[in-house]
Structure formats: C-alpha cells, structure tokens
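Here's a quick tour for anyone meeting this structure for the first time. Have a look at the sequence and the fold before reading on.

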Amino acid sequence: MADTKIVVDCSTGEVSEIELTAEEVAQRTADANAYADQKAAENADKATKAADKAALLERLGITAEEATLLLG
Amino acid sequence: MGTTFTKIASVSVGVLGASSIDFSSIPSTYTDLCVKISARDLAASGSLYVCVNGTTQTNQTMRRLEGSGSAASSDSQSSIFFPIDGSSQTSNTFANTEIYIPNYAGSTNKSMSIDNVTENNATQAFADLIAALWSQTTAINRLNFQCNSSFVQYSTATLYGVSKS
C-alpha cells in the first residue's frame, strides 16, 4: 500500500508526491473500515430480505414467478 | 449557450501508486467543474471517496441508483463514494467516472452529479448514477479523491473548468 499522495496545485500546475501524515493514514483506515462495515451490513440486509421472501413464498405455496404474476 | 471545457490539471499515477489524488488551489473563475477519472484500487474491492475542501467526508449526502450486473438498487448514504475496479476484477481494467459540479464557487450548498461504471469480464460490474450534496456554502477550492488502498499505476484524473457564455 502506497503511503504517498499526489497533490496538484492548480494555481501553478505543480504536481507533488507527498508522504501521508499519521492522521491521514488513520483517516484512510477509518474510511476503509467504515465502508467495509457498511457493505457487510448491506449484504446482511439483502440476505435477510431474500430469506424472508423465500420463507413467505414457501408459506404461501407459490413460486417467485407466480408472486410476480399476482402483483403485476 | 456556448460551453467551454478548459483542462485545469491532470494526474497520471506512477508505478508506486498513490493513496489519494488531491487538486488544490482550484481557481474560482469558472462556472462549473468537471472531473473525469479512470481508476483502479489495489484493494480487492475498490471504492473511491470524494472529499471537498479537505480530506474528510463531512457534510455529505448522496442518493444512488446502482446496477450490479444482476440487480438494480437505490440507496442513500451520508458520504460520497462509489465502487471502482479492484484486484478482484479483471486485470488491467479501470472504472470510469465523471463528476460534474455546477456553481462550485457560488454561495449555496454544492450539488454533484456522478456517473460511474466499473469494468469486469464477469457478471458483476457496477453502474452508478449519483446525486450528491456537499452541504456547505463556501466555494470549492480543493477536491481530494481517496480509495480503499491505493490507486494503481495508470489511474488518471483530469479536472476541467467549465465556462458558459
């Protein structure tokens, strides 16, 4: 993992490659962890909804296609 | 109305990669800003984060429509981010993104339109349309782009100033 950032000063056009500060590294890690947590929560939510849907269809004794027909 | 795109700055990531790309001291002389990004993340699951006037994702919200290759979804988020290619996608493929920021130097909250696609030789590839908001009234003078790990070599970002007359 590169611990550098590319900074462009748009007023001069100067491009610099700068080492990250400890705070920036921590922020990046926190952002990445927050994103991973959020994706995990989204995936868990999707899995729960899919399981609920399957259970409901089974209770009703119909297929997903038949449910679509009913609601269409 | 005539519209002129002027390239303000462009970055191509070198062999060492880069954890972020930062456009600072953006002049306030244009009507709108447009950023075109071609990026790949070293992480398995890539994502790109947009930070405005700093390096943190504060005062941000967004609404997103997303297609994943097998499903369509929509959601709201309290930060501005979207998927880009990572190491679990086909080698040497990059996501393509356009971020359009109207009235970036004005004194109202700043909206963004983001059009993003990932590339993958498999079922799962993402297409995102995002309406984002940075709820601050100060002019935008800095845009910082981060990813989960680091942008790989040949990732590029080009910032355009858009003039209307």
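What follows is a short briefing on how the chains meet and on one helix.

This is a predicted model, where local features need pLDDT of at least 70, side-chain atom pairs count only at pLDDT 80 or more, and totals for chains, interfaces and linings use all residues. Residues are numbered from 1 along each chain as its sequence is written, while chains are lettered from A and ligands numbered from 1 in the order in which they are written.

**Where the chains meet**
- Chain A puts 20 residues in contact with 28 residues of chain B (contact: C-beta atoms, placed from the backbone, within 7 Å).
- On chain A's side, strand 1 (4–9) and helix 1 (22–60) each give two or more residues (helices, H or I, of at least four residues and strands, E, of at least two are DSSP runs, numbered from the N terminus).
- Strand 1 of chain A runs parallel to strand 2 (residues 18–24) of chain B, over five bridges (pairing takes at least two DSSP bridges).
- In that strand 2 of chain B, B:S24 is the bridge partner of A:D9.

**Helix 1 of chain A**
- Just three of its 39 residues are buried, so helix 1 of chain A lies largely in the open (buried: 20 or more other C-beta atoms within 10 Å of a residue's own, all placed from the backbone).
- Those buried residues are A:R28, A:D31 and A:Y35.
- Their cover includes strand 2, strand 4 (46–52), strand 7 (81–84) and strand 11 (143–151) of chain B.
- Just after helix 1 of chain A, A:G61 has a positive phi of about 75°.

Key
Two residues are in contact if their C-beta atoms, placed from the backbone, lie within 7 Å. A residue is buried if 20 or more other C-beta atoms lie within 10 Å of its own, exposed if 12 or fewer, and partly exposed in between; C-beta atoms are placed from the backbone.
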